[in-house]
Every structure is written in structure tokens, then in C-alpha cells.
Amino acid sequence: MDREDRWDQFIIERRELEMQNMNKVSSLVVEFADLLEKKGVDLVLDLGCGAGRHLHYLARRGFKVIGFDISEESLNLAEELADEAGIEADFIQGDYLDLPFNNEVIPAVISTSALHHDFPENIAKTFREIKRIMSGGGYLACDLLS
């Protein structure tokens with residue numbers, strides 16, 4: 001089973017739970033949004049956005065948000081829920097090991113409960129990719145459960 005199929009299966013099995021948790025926003029995301037507002041940052045990449053609960057929160061706070069996930073199933077659910085809630089966001093499917101952005105174009109990246117599911121060498125590669133796409137002085141909020 002490849003990476004995409006594995007995450008598609010994960011979201012299919014957890015769809016109902018993900019929908020129930022849409023209003024459970026991590027305190028990390030709340031604090032990050034407060035910081036970004038103070039710094040005048042208006043664009044956030046949600047890396048491994050899943051069903052989009054943090055994307056919804058950030059969009060409601062006035063941020064332009066890009067939801068990025070490897071799983072087509074996750075992105076379909078995220079788009080469906082965003083449409084139902086009147087949330088505007090862009091959605092991109094891809095692997096965080098090879099982010100489809102130019103260098104230094106994203107001012108802020110958030111990734112919650114996503115990267116730690118991978119191998120250490122892939123996590124390191126992902127952080128290099130994040131560094132590559134972030135504009136100078138960019139902001140990153142990430143939790144790595146261990």
C-alpha cells in the first residue's frame with residue numbers, strides 16, 4: 001500500500017470521527033493565529049490538513065488558507081465541509097516530501113498531528129521542504145507527537 005492509499009484508507013475509516021471533531025481546535029493553532037495577526041501575516045499553508053478543522057478556524061479568523069494533504073479522500077471531505085460552512089480555501093493534493101510551491105512564497109505553515117506519522121528521514125526532508133518554500137522570516141507551528 002503506497003502513502004496516498006494508506007492515508008485515503010485512514011480518512012475513510014475515521015470520516016465520522018473527523019466530522020465530529022471539526023470544532024476541536026488545538027491551542028497551538030489559536031496561539032499561532034494570534035501571533036500571525038500581530039505580525040500582519042495573512043496566508044497560511046495547512047500541511048496535512050486532513051478534514052480541515054484547523055483550516056476552518058484560520059479561515060474564520062480572516063486568513064487565506066491553503067489546505068494540503070496527500071489523501072484525495074481527505075481533501076474531498078475538507079472541500080465538502082468547507083463548502084457547507086461557507087469557508088473559502090484552496091486545496092492541493094500532494095506529498096509533503098516534494099511540496100509544489102516555488103521557493104520562499106509561503107509566509108506561514110501549520111502542521112498538526114501529521115508529520116510524526118512518517119520515518120525520521122522523511123520528517124527531516126519535509127522540514128527542508130518547509131524551509132525552502134517559506135518566505136524569509138516565515139512562521140512555522142508544528143506538533144510532533146512522540
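Is H56 buried or exposed? In this predicted model, H56 is buried, with a relative accessible area of 4%. The residue belongs to helix 3, which spans residues 53-60, and its C-alpha atom lies 8.8 Å from that of N23, although the two residues are 33 positions apart in sequence.

The setting of H56 is shared by much of the helix around it. Helix 3 is largely enclosed by the rest of the structure, because six of its eight residues are buried; these are H54, L55, H56, Y57, L58 and A59. The cover over the buried residues of helix 3 includes helix 2 (27-39), strand 1, strand 2, helix 4 (72-85), strand 3 and strand 4. H54, which also lies in helix 3, counts as buried at 4% relative accessibility. When residues up to four places away in sequence are set aside, H54 touches K24, V25, S26, V29, D46 and T112. Helix 3 is followed by G62, whose phi is positive, near 105°.

The strands form an open sheet of five members in the order 3-2-1-4-5, with parallel pairing. The edge positions are taken by strand 3 and by strand 5 (134-142), each of which pairs on one side only. Neighbouring strands of the sheet are turned by 20° against each other on average, with direction ignored. Helix 2 packs on this sheet, where it touches strand 1, strand 4 and strand 5, and its direction makes about 155° with that of strand 5. Helix 4, in turn, lies across strand 2 and strand 3 and runs at about 170° to strand 3.

Within the sheet, strand 1 (residues 43-47) is mostly covered, with five of its five residues buried. In a regular strand the side chains alternate between the two faces of the sheet. In strand 1, L43, L45 and L47 point one way, whereas V44 and D46 point the other way, and all of these residues are buried. D46 is also one of the residues touched by H54 of helix 3. Strand 1 pairs in the parallel sense with strand 2 (residues 64-69) over five bridges, and L47 stands opposite F68 of strand 2. The chain passes from strand 1 through helix 3 to strand 2, and the resulting β-α-β crossover is right-handed. Strand 1 also pairs with strand 4 (residues 106-111), again in the parallel sense, over two bridges; here L45 stands opposite V109 of strand 4. Strand 2 and strand 3 likewise pair in the parallel sense, over four bridges, and the bridge partner of F68 in strand 3 is I92.

F68 also takes part in a contact between aromatic rings. A search of the whole structure finds one aromatic pair. This pair is formed by F68 and F101 and is tilted, with 6.3 Å from centre to centre and 50° between the planes. Because F68 lies in strand 2 and F101 in the loop between strand 3 and strand 4, the pair ties together parts that are 33 residues apart in sequence. Both F68 and F101 are buried.

The loop between strand 3 (90-93) and strand 4 also contains E104. Most residues other than glycine have a negative phi, and most peptide bonds are trans. E104, although not a glycine, has a positive phi of about 55°. At 56% relative accessibility, E104 counts as exposed, whereas F101 is buried.

The structure holds zero disulfides. Of the cysteines considered here, C49 is buried, with a relative accessible area of 8%, while C142 counts as partly exposed at 25% relative accessibility.

Key. Residues are numbered from 1 along each chain as its sequence is written. This is a predicted model: local features need pLDDT of at least 70, side-chain atom pairs count only at pLDDT 80 or more; totals for chains, interfaces and linings use all residues. Side-chain values use heavy atoms; hydrogens and water are left out. A disulfide is a pair of cysteine sulfur atoms within 2.5 Å. Buried means under 20% relative accessible area, exposed over 50%, partly exposed in between (1.4 Å probe, protein chains only). Two strands pair if DSSP finds at least two bridges between them. A crossover is right-handed if, with the strands pointing away from the viewer, the path from the first strand over the helix to the second runs clockwise. Rings of Phe, Tyr and Trp (its six-membered ring) pair if their centres lie within 6.5 Å; planes under 30 degrees apart count as stacked, over 60 as edge-to-face and the rest as tilted. Contact means heavy atoms within 4.5 Å. Axes are lines fitted to C-alpha atoms, for helices over the stretch in contact, and angles run from 0 to 180 degrees between N-to-C directions.
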